[in-house]
Amino acid sequence: MTTKRFQGQWPKIGIRPTIDGRMGGVRESLETQTMNMAKSVVSLLTSTLKYPDGSSVECVIADSTIGRVAESAACAEKFRKEGVGVTITVTPCWCYGSETMDMEQHTVKAVWGFNGTERPGAVYLAAVLAGHAQKGLPAFGIYGRDVQDAGTTEIPADVKEKLLRFAKAGLAVATMRGKSYLSIGAVCMGIAGSIVNTDFFEDYLGMRCEGVDEVEIIRRMTEGIYDKDEYQKALAWAKANCKEGEDNINRADLKKDQAGRDKDWEFIVKMTLIVRDLMIGNPKLKEMGFGEEALGHNAIAAGFQGQRQWTDFYANGDFTEAILNSSFDWTGIRSPYILATENDALNGTAMLFGYLLTNTAQIFADVRTYWSPEAVERVTGKKLEGLASAGMIHLINSGAATLDGSGCQNDKDGKPTMKPFWNITEAEAKACLDATTWMPANREYFRGGGFSSKFLTRGGMPCTMVRLNLVKGLGPVLQIAEGWTVDLDPAVHKILDERTDKGWPTTWFVPRLTDDSNFKDVYSVMNNWGANHGSISCGHIGADLITLASMLRIPVCMHNVSSDDIYRPSSWNAFGMDKESADYRACQTYGPLYKK
Ligand SMILES: C[C@H](O)[C@@H](O)[C@@H](O)C(=O)CO
Ligand SMILES: [Mn+2]
């Protein structure tokens with residue numbers, strides 16, 4: 001796919017080297033050191049961070065150091081023209097706070113004050129952060145732990161960590177702004193997450209909500225509004241790469257025959273092309289005379305209602321959702337699309353957060369069952385072992401789980417992982433496909449048929465389960481559980497899997513337990529989860545999510561991240577000594593980032 005996914009360019013990071021404005025000695029003596037700090041930050045960010053398409057992030061440095069207000073204004077003007085969404089102010093010295101600070105309303109802001117004793121960079125940091133607090137423009141402070149020497153251009157590890165955490169989350173904020181969430185269909189079986197709340201998307205994320213009726217898919221199929229050549233290619237690819245499982249799901253009178261199943265494959269492949277075109281458009285459609293359809297909806301995330309009207313009558317959306325959420329298809333290895341099952345827009349948002357922070361595919365799942373060790377022993381006669389010995393959570397859903405979630409990509413030690421598409425090998429993509437069987441849909445649930453992916457996630461993958469909930473009177477809250485996927489004794493897995501929807505993909509998840517009441521045992525994590533779904537991202541990204549949530553003014557109601565790794569704007573410290581309740585007060589005080 002060569003189609004550009006979204007309108008506009010990727011947001012840039014603007015670096016603001018601020019300086020003591022006194023010309024005639026002081027300023028001149030600091031010019032080189034100050035500019036060098038800016039250059040070091042650019043080199044760290046551009047060599048480490050990538051946009052979702054795999055290109056290196058772009059930074060812009062102000063045309064000059066910023067000592068007086070006219071230079072601040074010139075920098076702001078340049079950054080607006082360049083599409084800067086995130087700013088990092090750097091300085092080794094004293095500067096004039098309110099003159100040099102970034103006063104733009106919507107940039108995400110950080111200030112790095114060099115920890116040296118020759119000049120008072122840290123004093124400026126404190127002064128300008130006080131200015132940010134006083135003016136209601138939250139900024140992240142960066143102050144290295146150890147004193148450095150004036151001439152050094154090296155960035156210490158603790159400063160690097162903060163710069164990267166800030167920049168990654170800031171870019172996520174700036175990337176989603178101006179994009180759309182596309183609902184295909186509406187509310188699914190009364191699931192509150194699929195009652196799409198436009199105020200939330202507009203006020204908190206700066207996004208627009210678009211909606212199309214599912215009948216649009218049928219119209220495009222009927223009127224031939226899809227790329228016919230690509231369809232043939234996609235169908236041949238599906239036949240060659242998506243192995244069909246034996247129908248041990250349906251009772252005899254509900255099993256489809258081979259002709260019926262073949263028709264379902266044609267339908268779901270066509271539907272996949274069309275859903276993608278609805279999200280991002282397709283220039284091929286313009287060549288075919290369908291200019292409007294070629295435009296798409298500028299959707300960085302979408303959801304498909306499916307149940308019930310569609311799935312009662314047509315093949316379900318599981319193939320479409322699973323393939324679009326994966327990092328590969330008939331076009332080769334490519335970045336995943338974010339497509340929530342059951343149009344659960346709140347879980348779609350959690351997926352979008354995880355995706356923008358990691359550039360990797362996200363597993364969408366029902367948070368279905370907590371299995372205590374006692375219950376497992378009762379039904380299997382076996383004791384749980386290893387990481388699972390205190391019980392585990394069964395993540396399972398027909399539908400959107402990315403095939404990357406099979407865990408068949410490897411990190412450098414051969415352990416299961418999910419990688420950005422540019423690091424995935426052909427062999428790994430094939431391994432994910434080979435690990436997946438496409439089971440005929442359960443026609444008591446899905447009368448129209450279709451196919452659901454079935455795989456078992458390899459154990460030992462560090463991951464983070466995340467969920468966004470809306471609470472009336474409070475607003476959005478985020479919950480985060482870091483943990484690992486686990487392997488069970490195959491005999492135990494088989495018994496537990498067969499008790500449930502055995503035609504769906506399974507991930508066995510064990511959260512990391514802590515002293516907090518939400519994480520005192522595995523049961524509590526399940527019991528305190530705020531909705532039926534969770535989004536699972538590879539890696540322990542809880543700290544990044546906490547930083548992102550604070551930028552968006554979304555409080556975090558539950559997490560198991562070490563307090564040393566919590567990084568929020570410095571003014572959050574003014575809201576009380578308990579970090580989590582301070583987060584609530586700060587988010588409430590500032591309100592959503594894009595409030596009107
Ligand atoms: C088939 C069923 O309706 C499932 O799809 C249902 O349990 C859910 O996934 C609810 O989130
Ligand atoms: Mn579900």
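Student: What makes helix α19 (residues 542-552) largely enclosed by the rest of the structure?

Tutor: Count the buried residues: 11 of the 11 residues of α19 are buried, so the helix is largely enclosed by the rest of the structure. Keep in mind that this is a predicted model.

Student: Which residues of α19 are buried?

Tutor: Gly 542, Ala 543, Asp 544, Leu 545, Ile 546, Thr 547, Leu 548, Ala 549, Ser 550, Met 551 and Leu 552.

Student: And what follows α19?

Tutor: Arg 553, and its phi is positive, near 65 degrees.

Student: Which annotated stretch covers residues 395-559?

Tutor: The unreviewed UniProt entry annotates those residues as "domain: L-fucose isomerase C-terminal". Over residues 395-559 the chain is 22% helix and 30% strand, and the end C-alpha atoms sit 18 Å apart.

Student: Let's switch to strands. What makes β6 (residues 180-184) largely enclosed?

Tutor: Again it's a burial count: five of the five residues in β6 are buried, so the rest of the structure largely encloses the strand. Ser 180, Leu 182 and Ile 184 point one way, while Tyr 181 and Ser 183 point the other way, and all are buried.

Student: How do you know that β6 pairs with β7 (residues 208-212)?

Tutor: Pairing needs at least two bridges. Five bridges join β6 to β7, and the two run parallel, so the pair passes the cut-off of at least two. For one of the partners, look at Ser 183, which is bridged to Gly 211 in β7.

Student: Why are β8 (243-244) and β18 (451-454) called edge strands?

Tutor: Start with the sheet: three strands form an open sheet in the order β8-β17-β18, with mixed pairing. β8 and β18 each pair on one side only, and that is what puts them at the edges.

Student: What makes β8 and β17 (residues 437-440) count as paired?

Tutor: Two bridges join them, and they run parallel. The cut-off is at least two bridges, so they qualify. Within this pair, Glu 244 stands opposite Trp 438 in β17.

Student: On to the ligand. Which residues surround ligand 1?

Tutor: Gln 307, Glu 342, Asp 366, Asn 397, Ser 398, Tyr 445 and Asn 532.

Student: How does that shell divide by class?

Tutor: One nonpolar, four polar and two charged. Asp and Glu count as charged and Tyr as nonpolar.

Student: Which residues carry the "active site" annotation?

Tutor: Glu 342 and Asp 366, according to the unreviewed UniProt entry. They span 25 residues in sequence, yet no two of their C-alpha atoms are more than 10.7 Å apart, so they gather at one spot.

Student: Why is Glu 342 called buried?

Tutor: The threshold is 20 or more other C-beta atoms within 10 Å. Glu 342 has 29 C-beta neighbours inside that radius, so it counts as buried. Glu 342 lies in the loop between β12 (339-341) and α14 (345-358). Leaving out residues up to four places away in sequence, Glu 342 touches Cys 188, Ile 191, Ser 194, Gln 305, Gly 306 and Gln 307.

Student: How do you know whether Asp 366 is buried or exposed?

Tutor: Same kind of count: there are 22 other C-beta atoms within 10 Å, so Asp 366 is buried. Asp 366 is found in strand β13 (residues 363-371). Apart from residues within four places in sequence, Asp 366 is in contact with Ile 396, Asn 397, Asn 532 and His 533.

Student: What makes Thr 358 buried?

Tutor: Thr 358 has 21 other C-beta atoms within 10 Å, and the cut-off is 20 or more, so it makes the grade. Thr 358 belongs to helix α14. Ser 537, Cys 538, Gly 539 and Ile 541 are what Thr 358 touches, not counting residues up to four places away in sequence.

Student: Last one: how is the chain split into domains?

Tutor: The domain assignment gives domain 1 (12-176) and domain 2 (180-590). Their centres, taken over C-alpha atoms, are separated by 36 Å. The contact takes 23 residues from domain 1 and 25 residues from domain 2.

Student: Which element gives the most to the side of domain 1 that touches domain 2?

Tutor: α5, with 10 residues. By class, that side of domain 1 has 12 nonpolar, six polar and five charged residues.

Note on methods: Residues numbered from 1 in each chain as written. Chains lettered and ligands numbered in written order. Predicted model: local features only at pLDDT ≥ 70, side-chain atom pairs only at ≥ 80, totals over all residues. Near = placed C-beta within 6 Å. UniProt positions renumbered as here; feature names shortened; annotations may be inferred. Helix = DSSP H or I, 4+ residues; strand = E, 2+ residues; numbered from the N terminus. Buried ≥ 20, exposed ≤ 12 C-beta atoms within 10 Å, placed from the backbone. Contact = placed C-beta atoms within 7 Å. Domains from an automatic or database assignment.
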